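Let's take a look at a protein together with its ligand. Have the sequence and the 3D view open as you read.

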Amino acid sequence: MSGSTAPAPRGLDGVVAAATRMSHVDGLAGQLIIGGYELKELAGRVSFEETAHLLWRGHLPNADELAMMRTEMATLRRLPSEALSVIRAAAKAPPIDALRMACATLSLDLSAPDAISPAADLAAAKMLTARFPTIVAAHARVSRGDNPIAPREDLGLAANFLYMVHGEAPDPIVARALDTYWVTVIDHGMNASTFAARVIASTRSDAVSAVTGAIGALKGPLHGGAPGPVLDMLVEINTADRAEAWLKKEMQEGRRIMGFGHRVYKVRDPRADVLARVAEEMSGAALHDRALFDLARAVEQTALRVLEESKPGRNLKTNVEFYTALVLQSLGLAPRSFVAMFACGRVAGWCAHVIEQHAEDHLIRPQSEYVGPRGLVVDRSR
Ligand code: ACO
């Protein structure tokens, strides 16, 4: 570190690392703005493709723009053979790892894979966002010994994903639930995976490389890997009367309660509200286990109380992952695929940040504080 530079806070807490038009998180007001709109204005009212257009092009599409984009992205859904080979080779790997490996192959059929112009970035954004669901669906099938199902161009992105997993076109309520989930997680300020994507893009590296790195950052349980464990927790707790003892034991043994706490939000994550409503709609539509939803509501209340008692003043509130678990489970998806499902929504945000970072064209290169020894001498006799 150079002489007068003060070390940044641990984990870059509170450091503003980029100026962005994509999204804003107000952790005290519990507000998430995406491309100028509050999340509650978008969720359930505009589709995932429309929200992606908002981030990539700066405005919600008109009817012609949307139709054109949908048609273009629908034709991009089919995977090249290299990606399918990787998915088959990774049949036993966790879905998020298979997605990372297959994603890395997606530059192979780009005409100029290293191009970083706005047009090339937009083309990569459409291709990656169109193909992520195809990868996750194909992997879900090969991992259980079935053949992948080719995408259909006549279905929306979410409906087509569910068709490719289950082999039949879904009820529109189910497709809408997934679409709303993807809108809800499309972008979220300078989270770890978005930052990773921007760091990679800042070296003038390409969109596929940036997104491949972002998947690696998303995978960890402190970022996108929590909803699987949330479901495990609900299954273990089983009945609401067992929640308090179970949660207290976890806390006493030094474990974290999954689906609670957030680096930025000190109030309830606004995405949790949107997804709680979606989960309730699904349970009301008799497509889902109402008892699980009621259990989740009860566990949430108990967890909030136990967390406040054990960690007073830390403001550990419900985060996006808690109700994500319920929504994704109600779509008939396996918990091991939940983080890959998150990536299918967030990829549109990562691509938007890559476009923005390439336009910014400034290398992100912080310094480090050296805390190791100095003046050591090599002992050749050791
Ligand atoms: N359960 C129990 N204790 C917790 C939890 C939790 N979920 N979250 C934080 N704490 C405690 C910490 O142990 C720490 O206690 P201490 O001060 O006595 O040491 C204190 O609260 C502050 O914790 P930090 O680690 O400083 O909080 P940070 O902002 O770094 O962590 C995080 C945020 C990683 C999300 C954390 O709350 C957590 O691990 N939650 C559980 C995992 C989870 O739900 N992840 C999904 C996050 S949402 C997303 O990224 C999309």
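Below is a short tour of the ligand site and then of a small set of strands.

## What you are looking at

Keep in mind that this is a predicted model.

## Who surrounds the ligand

Start with the ligand: 21 residues surround it. The closest are Ile257, Phe260, Arg263, Lys311 and Arg314. Sort the shell by residue type and you get eleven nonpolar, five polar and five charged residues.

As for where the ligand sits, the space it takes is the largest pocket.

## Polar contacts

Now zoom in on some N and O atoms. Arg314, one of the closest residues, has a polar side-chain atom 2.6 Å from an oxygen atom of the ligand. Gly259 uses its backbone instead: a polar backbone atom there is 2.9 Å from a ligand oxygen. Over at Pro221, a backbone N or O atom lies 3.4 Å from a nitrogen atom of the ligand.

How much of the ligand's accessible area does the protein cover? On its own, the ligand has 930 Å² of accessible area, and the protein covers 77% of that.

## The three-stranded sheet

Next, find the open sheet of three strands, which has the order E1-E2-E3 and antiparallel pairing. Strand E1 (23-26) and strand E3 (37-38) are the edge strands, as each pairs on one side only.

Strand E2 covers residues 31-34, and two bridges join it to E3. For a spot to check on screen, pick Ile33: its bridge partner in E3 is Glu38.

Terms used. Residues numbered from 1 in each chain as written. Predicted model: local features only at pLDDT ≥ 70, side-chain atom pairs only at ≥ 80, totals over all residues. Heavy atoms only, no water. Near = heavy atom within 4 Å. Polar contact = N/O pair within 3.5 Å; in protein donor to acceptor, adjacent residues only side chain to side chain. Areas by Shrake-Rupley, 256 points an atom, 1.4 Å probe, with all protein chains shown as cover. 1 Å grid on protein atoms, 1.4 Å probe; cavity = no way out; pocket = protein on both sides within 12 Å on 5 of 7 lines; lining within 4 Å. Sits in = over half its atoms within 2 Å of the grid points. Nonpolar A, V, L, I, M, F, W, Y, C, P; charged D, E, K, R; others polar. Pairing = 2+ DSSP bridges. Helix = DSSP H or I, 4+ residues; strand = E, 2+ residues; numbered from the N terminus.
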